[in-house]
Amino acid sequence: MDGAQQVRQGKRLAEALEGTEGYRPLSDSHPQENNVDAVHPGYGFLSERADFAQACQDAGVRFIGPSPEVVRKMGDKVEARAIAIAAGEYNGQARGGHAAPGEGLAGRGGRDSCPLQRFPHTSPPTGVPVVPGTDAPITSLHEAHEFSNTYGFPIIFKAAYGGGGRGMRVVHSYEELEENYTRAYSEALAAFGNGALFVEKFIEKPRHIEVQILGDQYGNILHLYERDCSIQRRHQKVVEIAPAAHLDPQLRTRLTSDSVKLAKQVGYENAGTVEFLVDRHGKHYFIEVNSRLQVEHTVTEEITDVDLVHAQIHVAEGRSLPDLGLRQENIRINGCAIQCRVTTEDPARSFQPDTGRIEVFRSGEGMGIRLDNASAFQGAIISPHYDSLLVKVIAHGKDHPTAATKMSRALAEFRVRGVKTNIPFLQNVLNNQQFLAGTVDTQFIDENPELFQLRPAQNRAQKLLHYLGHVMVNGPTTPIPVKASPSPTDPIVPAVPIGPPPAGFRDILLREGPEGFARAVRNHKGLLLMDTTFRDAHQSLLATRVRTHDLKKIAPYVAHNFSKLFSMENWGGATFDVAMRFLYECPWRRLQELRELIPNIPFQMLLRGANAVGYTNYPDNVVFKFCEVAKENGMDVFRVFDSLNYLPNMLLGMEAAGSAGGVVEAAISYTGDVSDPSRTKYSLQYYMGLAEELVRAGTHILCIKDMAGLLKPTACTMLVSSLRDRFPDLPLHIHTHDTSGAGVAAMLACAQAGADVVDVAADSMSGMTSQPSMGALVACTRGTPLDTEVPMERVFDYSEYWEGARGLYAAFDCTATMKSGNSDVYENEIPGGQYTNLHFQAHSMGLGSKFKEVKKAYVEANQMLGDLIKVTPSSKIVGDLAQFMVQNGLSRAEAEAQAEELSFPRSVVEFLQGYIGVPHGGFPEPFRSKVLKDLPRVEGRPGASLPPLDLQALEKELVDRHGEEVTPEDVLSAAMYPDVFAHFKDFTATFGPLDSLNTRLFLQGPRIAEEFEVELERGKTLHIKALAVSDLNRAGQRQVFFELNGQLRSILVKDTQAMKEMHFHPKALKDVKGQIGAPMPGKVIDIKVAAGARVTKGQPLCVLSAMKMETVVTSPMEGTVRKVHVTKDMTLEGDDLILEIE
């Protein structure tokens, strides 16, 4: 019809009908010529319009429903009330003006105070009992005030010409009256073409019971018993039950007889529903007649075995109810039926409608389950302009609990992806004890907030498809330093024997504690090794990009074949934030999974003293809690260091690790050359003095941390032998990098001088800026008193795996720009990991040919800053200053001379302010004073002045943002890296468990026609095939097609490059407090404020309409409107920016 076409184009129903002069197009379409005998209006808005029924009659087409006159009378709620009052004889029950006890006239002066001329039905009536209300639609807000003055609050506005919850608002106070009147009128006008409202006394906590009636042309009327529709929100039914549980038989008789009485009063024909409220005392009140088939008619059909639609059609043909075998005495209740309306509404956001494309649809089925579908199919577009109903699910069982169990099972089998649904909420309803007991009322949802404790759907498969599609369209999600593809072959995992791994040093630690563990290390005959492959090696060679996926593959082999290791360094340092920032992994989950796979070897982490695993200072309680939780998750040895060897920072970290029950390994960061008498700042005496302080503080193990690989064999002998002589019972642990190529020789010298442990890496992950070769140390000590007892053949297999794994990370491999180590490290003293990063950065900034100048500038920058210990973050400070000097063409002399005018890197300024501690020998002057001028300076330990962080408040904040699945580990991640953690959580919420993808798929996605498997967990494997990527659509998206477990799946992916060239409405940024976004997709129907206006918290800002429901967007804060980004009648998507407040 033309009218329908106009509605589809966006006009209101009333406007469309006006444009067609009623329903003339119906006759113009010549229904008889098209063999159209009748029209069934369904249960949409047209089914309640008398003018549509009349148009059908005028066109010679039968309207399957009541006569136009009955539709008009019943559709006018005020007239329907009058008919109800007039129906039958007064039977002694409280009627009309008698509200439920405690409501209506009680306590307000009785009936004498009621203005009878305005509300005539409040005098003693006869017929069906009704709720006190106006006898005609009100015409002004003043009349609503008058009614509320008479009957008190609460009251309810109802649309006079329609139902379904549209135009219905409950008002509890005078302050709410005007806003709710306006909203109800607007909703009624939009939905029914007429904004007329009437007002009733609102009966609190009633049951909503409705009776199904059926009549014919011959005056036969019967009922098909009742339905309980009490479970509602916004006055819209959510779950319907037939029959009503625990309904008194006498009350059932009164309800059904009043319904039949009312139907006979108007000569009702065809199907209809008479609706009642039943108060807590068992008194019932008529509220309205729905002169149509109801959405929930299905439950009546299930318990009576009467096909209502079939009966409707035959009644319209002229057949009588007896002809159809329908007699009241034959209608019986058989069991119980429950209907759930599955809608595209998000219960977590106050049931706001969700829109979009259904990517996956799978329904639950089985015995006793009936499905009535609406627009539920894969590929369907859910629009904000239509009702949100997807499918009605009906369960039939012998009784209420049986039907509920069947329904719960069916809903659990549903899979709807692409749009939010209310299924999790419905599942909570079905599991609620009050529901199962059958004692619900209309306040059930409001009084059970636990219904909104929703268990989020995992949706893992679809999220992974979104990620793969995103990478296929937009490229890698993690920054790629060089253009190099991952190796096409996976690394070979060597065989692992069945059974538990052999005992290792961790068994000693668990049995004897940190002190006993340290004694066992010191008493061990031979050299012990710590393997850095799982952390520092790949940090130095592969930009810290190795994923947990590849670590887990080789972990069982390590547990079974390297049980003689002192420890494995696998956590802390840069791996913590990089895991979240670039790999989208939880670093805590990595620790937990590796601990499970390697139970016998101690784990070691890098703790940056008072900085924990961050780059700044944290409150002391954060550092202590971090160590406590790390220990609980499986960490054993805490290597505690400070980038400046600043003792107060180190002591805090040591205390935190020790109080957590960990092994404390205090690490002295090494620089300079103790074997060179001319290098006096960091002399042997300096290191010995610092060692004394650390031993006095209670360290279990002492470590020399040579980050740049500056320890020459002679220096090793001097330093280690001096430490061994001074501390004969203390285990000594030496860490170095092999940048110069002398790493193996240096570590052998340390071992011969008395070191107990040295650090190595798998052969294929060693050398250059990494640690010395494991195989070289094992071979060189074999058969000597320093024998490591590590089998060489196991080292070969281990190295072969890592050689293959390294190929997967070709885009991050330092060999892309650096082909060897360099002995000039003895001059520039650049730490191993930083040497790699600087090389990458120099090339990315176009300074690749000037890397020699960068290294020279690094030396000058170090001297400008006072010759620092160079470890993260102090090494970064020196590096930032060096690159600043190269970029600006500054020599040391020029930079120092212009220090007062130059804008130095932030890291340099904060160092000079004292934010990371006090360097040995103090700050460089006058350079410091020139740079800082009047900026504040930190005195003493930087973190000492920080107040404790309220971790409980932070947890609550995280739960509010990310849901209930927030762990103590998450809280600590957010405490140290708030922005990184927030992005990580949002990213993984969108793209799912990326750790289940192999590294090649993670980095570059699948090739077209490639087939692969993804194991989500044991026994759950996805079989995926990438099929095609479409051309760009007008929304800047590409459709990516997959085959998942044999079924076609497609997703829409925004092409980020293309969208830069297209205009789209801006989105509200969640982290920017003053940006107000659309809470749901919809149309702007009213704007309440303008730019420059002052607003208060809770003040209405604008009104959105979606799926015929209006939502008022209120201000979350007090402030001034800076800019309004929307206009009236604009259509918005979810989170589109509405306005900004400052």
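**Exercise 1. Determine how strand S27 is joined to S26 and which crossover links the two**.

*Solution.* In this predicted model, strand S26 (residues 732-735) and S27 run parallel and are joined by 2 bridges. One residue pair can be named: isoleucine 734 has valine 758 as its bridge partner in S27. Between the two strands, the chain passes from S26 through helix H25 (residues 743-753) to S27. This β-α-β crossover is right-handed.

**Exercise 2. Establish how strand S20 is joined to S27, and state whether the faces of S27 are covered**.

*Solution.* Begin with the pairing: strand S20 (residues 528-531) runs parallel to S27, and 4 bridges join them. Leucine 528 has valine 757 as its bridge partner in S27. Next, consider the two faces of S27 (residues 757-760). Val757 and Asp759 lie on one side, while Val758 and Val760 lie on the other. These four residues are all buried, and both faces of the strand are thus covered.

**Exercise 3. Locate asparagine 422, classify its accessibility and list its contacts**.

*Solution.* Asparagine 422 belongs to the loop between strand S19 (415-417) and helix H13 (423-430). Its relative accessibility is 2%. Because buried means under 20% relative accessible area, asparagine 422 counts as buried. Leaving out residues up to four places away in sequence, asparagine 422 touches Arg341, Val342, Thr343, Glu345, Pro347 and Phe351.

**Exercise 4. Analyse the positions that UniProt annotates as "binding site"**.

*Solution.*

Step 1, the record. An unreviewed UniProt entry places the feature "binding site" at Arg608 and Thr872. These positions are spread over 265 residues of sequence, yet they cluster in space, with a largest C-alpha distance of 8.4 Å. Both Arg608 and Thr872 are included in the lining of the largest cavity.

Step 2, arginine 608. This residue lies in the loop between strand S22 (603-607) and helix H21 (620-632). Arginine 608 is buried because its relative accessible area is 3%. Apart from neighbours within four places in sequence, its contacts are Gly573, Ala574, Val613, Gly614, Tyr615, Phe641, Thr872 and Tyr977.

Step 3, threonine 872. The loop between helix H30 (851-864) and helix H31 (874-887) holds threonine 872. Its relative accessibility is 22%, so threonine 872 counts as partly exposed.

Step 4, comparison of contacts. With residues up to four places away in sequence left out, threonine 872 touches Arg608, Tyr615, Phe641 and Ser643. Tyr615 and Phe641 appear in the contacts of both annotated residues, and arginine 608 and threonine 872 are also in contact with each other.

Conventions:
Residues numbered from 1 in each chain as written. Predicted model: local features only at pLDDT ≥ 70, side-chain atom pairs only at ≥ 80, totals over all residues. Heavy atoms only, no water. Buried < 20%, exposed > 50% of the residue type's maximum accessible area, 1.4 Å probe, protein only. Pairing = 2+ DSSP bridges. Right-handed = clockwise from strand over helix to strand, strands pointing away. Contact = heavy atoms within 4.5 Å. UniProt positions renumbered as here; feature names shortened; annotations may be inferred. 1 Å grid on protein atoms, 1.4 Å probe; cavity = no way out; pocket = protein on both sides within 12 Å on 5 of 7 lines; lining within 4 Å.
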